[in-house]
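Visitor: I would like to learn how to read a model like this one, feature by feature. Could you walk me through it?

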Amino acid sequence: MSLVASVPLIILVSPTLPVSNVKELIALAKSQPGKLNNAMATGSMPHLAGEMFKKMAGVEIVPVPFKGNSPAYPDLISGRVQMMFDALSAGLPQVRSGQLKGIAVTSAQRSQAAPDIPTVAESGLPGFEADAWYGVLAPAKTPPAVVDRLNAAIRKAVAMPAVQEKLKGQGYTILVDSPAEFTAYIKSETVKWGKVVKESGATAE
């Protein structure tokens with residue numbers, strides 16, 4: 001029915017890792033193939049973003065599965081794993097507290113919630129983009145008139161100042177669109193990430 005919002009991922013690295021940006025991370029990974037570990041929840045957007053990063057950067061980084069990203073934080077902070085992709089809204093508090101280093105966001109443009117953190121694309125991997133997005137769907141046979149009414153209700157809800165403030169404060173970009181535009185977006189994302197899955201051999205288990 002409608003896309004609602006997107007949020008970039010953030011590349012988090014352990015404070016023990018001697019890198020401060022994407023170029024240094026890639027250089028270190030190339031100098032030590034297979035030595036760096038990337039914590040991830042199997043089958044998640046951060047998992048796929050990590051696989052795309054490896055492919056585009058031409059590096060060998062070992063994925064280490066966790067039951068969700070949150071359980072990985074203690075190991076990342078301690079240095080038992082070296083890096084992780086996570087939603088900006090989840091990772092930024094760890095960066096602001098000084099427990100982790102946030103070296104890049106995965107959106108096409110810098111996030112208003114963290115304007116001091118560069119994008120991956122501007123940091124050495126042009127074209128890299130991997131946003132987590134959220135939308136509202138309805139069953140396939142829902143009458144068009146009902147879909148349009150629901151879309152209008154979503155627009156009204158997301159336009160509320162309190163909702164806008166909450167989403168933007170956590171790093172979300174509001175992206176309410178039409179049912180047709182949302183359908184086209186889902187198709188394009190399916191093609192994009194389907195290619196990543198096929199090339200990397202990533203699975204949900």
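Guide: Gladly. Let us begin with a term we will need for packing: two residues are in contact when heavy atoms lie within 4.5 Å. Keep in mind too that this is a predicted model.

Visitor: With that term in hand, which elements do the buried residues of α7 pack against?

Guide: They pack against β1, α2 (45-57) and β6. The buried residues themselves are F182, E189, W193 and V196. Seen down the axis of α7, they fall within an arc of 55°, so they line one face of the helix.

Visitor: Why would buried residues of a helix share a face?

Guide: The general idea is that an α-helix has 3.6 residues a turn, so residues three or four places apart point the same way. On the other side of α7 you will find the exposed residues A180, K187, T190, V191, K195 and K198.

Visitor: How do I check the length of α7, and what follows the helix?

Guide: Allow 1.5 Å a residue: the 22 residues of α7 should span 32 Å, and the end C-alpha atoms are 31 Å apart, which agrees. After α7 comes G201, with a positive phi near 75°.

Visitor: Let me try α5. What does its span look like?

Guide: Helix α5 covers residues 144-158, and its 15 residues should span 21 Å; the end C-alpha atoms are 21 Å apart, in agreement. Its buried residues are V147, N151, I154 and V158. These cover an arc of only 60° around the axis, which puts them on the same side of α5. The face turned away from that buried side carries the exposed residues R149 and K156.

Visitor: And what do the buried residues of α5 pack against?

Guide: Their partners are β1, β6, α6 (161-169), β7 (173-174) and α7 (179-200).

Visitor: Now the core. What is the general idea there?

Guide: In soluble globular proteins, nonpolar side chains tend to be buried together. Here the largest nonpolar core has 57 residues, and I11, L12, L25, F53, F85 and F128 touch the most other members. Strand β1 (residues 2-13) gives the most to this core, with 8 residues.

Visitor: Which residues does L12 contact, beyond its neighbours within four places in sequence?

Guide: The list includes Y73, L76, M83, M84, V95 and L100, and also Q82, D86 and K101.

Visitor: Is T119 buried or exposed?

Guide: T119 is buried, at 3% relative accessibility, because the cut-off for buried is under 20%. T119 sits in the loop between β5 (101-105) and β6 (131-136). Neighbours within four places aside, its contacts are A104, V105, S107, A108, Q109 and R110.

Visitor: How does P63 read by the same method?

Guide: P63, in strand β3 (residues 62-66), is partly exposed, with a relative accessible area of 32%. Leaving out neighbours within four places in sequence, P63 contacts N38, M40, E51 and K54. P63 and M83 are 20 residues apart in sequence, with their C-alpha atoms 9.6 Å apart in space.

Visitor: Finally, how do I describe the whole protein?

Guide: Start with the elements: 7 helices and 7 strands, running β-α-β-α-β-α-β-α-β-β-α-α-β-α from the N terminus. The radius of gyration is 18 Å, close to the 17 Å that the globule rule gives for 205 residues, so the protein is as compact as a globular protein of that length. Of the 205 residues, 44% count as buried. Among contacts between residues at least 6 apart in sequence, 73% join residues at least 24 apart.

Key
Residues numbered from 1 in each chain as written. Predicted model: local features only at pLDDT ≥ 70, side-chain atom pairs only at ≥ 80, totals over all residues. Heavy atoms only, no water. Core = buried A, V, L, I, M, F, W, Y, C linked by side-chain atoms within 4.5 Å. Buried < 20%, exposed > 50% of the residue type's maximum accessible area, 1.4 Å probe, protein only. Helix = DSSP H or I, 4+ residues; strand = E, 2+ residues; numbered from the N terminus. Expected span 1.5 Å × (residues − 1). Arc of directions from axis to C-beta. Rg over C-alpha atoms; globule rule 2.2 N^0.38 Å.
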